[in-house]
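Thanks for coming, everyone. Let me put the sequence and the model on the screen, and then we will walk through it.

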Amino acid sequence: MQTRRHFLATVAKGTAGALATSALPLNTFAQERPPNILFISVDDLNDWIGCLGGHPDTLTPNIDRLANQSTLFTRAYCNAPSCNPSRASLMTGLRPSTTGVYTNRNPFRWARPNAITMGQQFQKHGYHVLGRGKIFHGRYPDPPTWNEYIGKGGDPSPPNHPANGIPKTGHFDWSPLDIPDEDMDDTKVAHWTAQQLQKDHSKPFFLACGLFRPHLPWYAPQKYFDKFSPNQITLPNINEHDLDDIPEAGRKMARQRDHNNVMKTDNWRKAVAAYLACINFTDTNVGHVLNALHNGPNAQNTIIVFWGDHGWHLGEKLHWRKFALWEEATRVPFMISTPGQTGATCNRTVSLIDLYPTLSDLCNIPIRPELEGNNLRPLLNNPNTQWNHPVITTYGHQNHSIRSERYRYIRYRDGSEELYDHNNDALEWTNLASNKKFADIIAEHQQWLPKINTPESKRDTN
């Protein structure tokens with residue numbers, strides 16, 4: 001079996017290998033007004049896209065096309081492996097450990113009622129800020145961020161569900177649907193975004209397109225499922241003893257119940273195929289949006305940002321979903337395209353929290369002093385520039401991962417630890433934290449742990 005990490009190591013034959021490492025023509029914007037922003041987010045999308053080489057069977061021609069005209073960040077990570085805290089952190093520029101927004105039940109406005117989101121900051125500086133779909137977590141759309149906003153709509157579902165045969169599984173379900181694309185809300189979001197891109201706008205715009213799939217449940221039109229035969233799918237490579245050297249705090253995060261349910265109902269191949277089908281469905285919608293920009297009046301003055309809010313496990317470390325601090329849950333697709341750019345790859349560690357200061361700089365908007373991310377402009381100018389900014393990912397109070405270019409260090413609230421050397425262990429199978437030879441490496445990474453660890457903010461009890 002070819003593993004996803006082996007595939008990643010050999011992907012130079014494909015799309016990612018075709019990307020040059022070069023500086024970007026950031027001075028190519030039309031001079032009469034600031035550049036527009038097209039802000040495409042995808043929910044629960046891990047590195048299973050062609051340009052990142054995360055899975056050999058994936059079909060993402062439109063996302064890969066965008067990568068070929070972007071700076072593709074190959075070591076990009078979320079600040080929290082959960083929808084609400086990740087998106088709140090990206091949009092406010094503040095770490096979860098600063099705000100106390102750690103889970104999907106923490107509205108960020110309760111924690112930081114006076115926070116100035118990215119959308120608010122762009123409004124203050126002359127932008128028309130509009131969006132549709134999932135940008136913030138669905139229950140907390142944050143009206144002050146938008147001049148115009150349409151939330152996520154509903155989707156069809158199979159007549160009998162759960163359709164995967166797992167009892168009491170809730171939305172942990174997958175099934176093809178006998179419907180046209182146009183019945184799916186993501187297609188409506190994409191077409192609405194395309195309509196906005198076809199217009200002449202009197203002001204520079206910040207246009208957000210929030211695509212929901214491959215978030216659970218994995219329901220999509222039949223034609224996408226037809227492309228991925230479960231019997232021919234490449235499965236993730238797992239180690240049945242992977243959790244043996246993990247501290248108790250880490251084992252509690254692993255959703256072994258999901259893994260056991262998938263295995264005993266013979267659903268692993270079907271689940272992987274369903275996830276790939278939903279990725280391909282989303283890629284189609286990305287294509288609608290990109291085509292509209294390319295064929296419309298705004299192509300020469302629009303920056304495109306493409307990002308996923310966190311990763312996803314499909315059996316790795318005997319875990320499913322996000323909600324953990326390992327590589328699969330924290331690595332995200334992330335790319336920035338400027339007009340006239342040719343492709344570039346950047347292998348430095350970067351974070352979604354870096355977007356707020358970076359876009360502010362690119363659009364000549366003042367960078368707010370409270371922002372905790374790093375301006376990526378030096379990496380856009382030269383992807384190989386020196387960069388010493390490991391990424392901090394937090395899940396729950398005082399549970400942190402520090403990801404440098406070579407290592408992942410995890411420290412849990414109880415003081416227990418994990419350390420992985422990605423040069424020799426890309427699947428994170430061997431925890432080196434107890435090996436005294438790595439004491440200096442651990443101490444070096446500990447310096448990056450947050451100095452502020454705010455208790456969890458008020459919970460949403462509605």
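Which element gives the largest share of the lining of the largest cavity? That is H3, with four residues. Bear in mind that we are looking at a predicted model.

Let me stay with the cavities for a moment. In general, rolling a probe the size of a water molecule over the atoms shows where empty space is left. Searching the whole structure turns up two cavities of 30 Å³ or more. The largest cavity holds about 60 Å³ of space. Its lining consists of Pro85, Ala88, Ser89, Thr92, Leu94, Pro96, Thr99, Val101, Phe108 and Arg112. Two elements contribute two or more residues each to that lining: helix H3, 83-92, and helix H4, 96-99.

Now the eight-stranded sheet. This sheet is open, and its pairing is mixed. Read the order with me: E4-E3-E6-E1-E8-E11-E2-E12. At the edges stand E4, residues 148-150, and E12. Each has a single partner strand, so one side of each lacks a neighbour in the sheet. On average, neighbouring strands here are turned by 15° against each other, direction ignored.

Let me go through some of the pairings. E3, residues 128-133, and E6, residues 205-211, are parallel and share six bridges. Gly131 has Ala208 in E6 as its bridge partner. Helix H7, residues 185-197, packs on this sheet. H7 touches E1 (36-42), E3, E4 and E6, and its direction makes about 165° with that of E6.

While we are at H7, look at the loop that follows. Ser202 sits in the loop between H7 and E6. Is Ser202 buried or exposed? Ser202 is exposed: its relative accessible area is 74%, and the cut-off for exposed is over 50%. Ser202 and Tyr127 are 75 residues apart in sequence, yet their C-alpha atoms are 9.8 Å apart in space.

Next, E8. How many of the seven residues of E8 are buried? Seven of the seven, so E8 is largely enclosed by the rest of the structure. As a reminder, side chains in a regular strand alternate between the two faces of the sheet. In E8, both faces are covered. On one side we have Thr302, Ile304, Phe306 and Gly308, all buried. On the other we have Ile303, Val305 and Trp307, also buried.

And the partners of E8? E1 and E8 run parallel and are joined by seven bridges. Asn36 is bridged to Thr302 in E8. With E11, the pairing of E8 is antiparallel, over four bridges. Here Trp307 faces Phe334 in E11.

Over these strands lies another helix. H13, residues 355-362, crosses E1, E6, E8 (302-308), E11 (334-337) and E12. H13 runs at about 175° to E8.

On to the E12 edge. E2, residues 71-77, and E12 pair in the parallel sense, with six bridges between them. Phe73 stands opposite Cys346 in E12. E12, residues 344-351, is an edge strand, but E12 is mostly covered, with seven of its eight residues buried.

There is also a four-stranded sheet. It is open too, with antiparallel pairing in the order E13-E14-E15-E16. Which strands are at its edges? Those are E13, 391-394, and E16, 417-421, and each pairs on one side only. From one strand to the next, the twist averages 15°. E13 and E14, residues 400-403, run antiparallel and are joined by four bridges. In that pair, Val391 stands opposite Arg403 in E14. Helix H15, residues 439-446, packs on this sheet. H15 touches E14, E15 (407-411) and E16, and its direction makes about 70° with that of E15.

Last item: helix H11. H11 covers residues 268-295, which is 28 residues. From first C-alpha to last, H11 reaches 41 Å, close to the 40 Å expected at 1.5 Å a residue. H11 is also mostly covered, with 21 of its 28 residues buried.

That is my tour. Happy to turn the model around for anyone who wants another look.

Definitions and conventions
Residues numbered from 1 in each chain as written. Predicted model: local features only at pLDDT ≥ 70, side-chain atom pairs only at ≥ 80, totals over all residues. Heavy atoms only, no water. Expected span 1.5 Å × (residues − 1). Buried < 20%, exposed > 50% of the residue type's maximum accessible area, 1.4 Å probe, protein only. Pairing = 2+ DSSP bridges. Axes fitted to C-alpha atoms, helices over the stretch in contact; angles between N-to-C directions. Contact = heavy atoms within 4.5 Å. 1 Å grid on protein atoms, 1.4 Å probe; cavity = no way out; pocket = protein on both sides within 12 Å on 5 of 7 lines; lining within 4 Å. Points joined across faces, edges and corners; volume = space filled by probe spheres on them.
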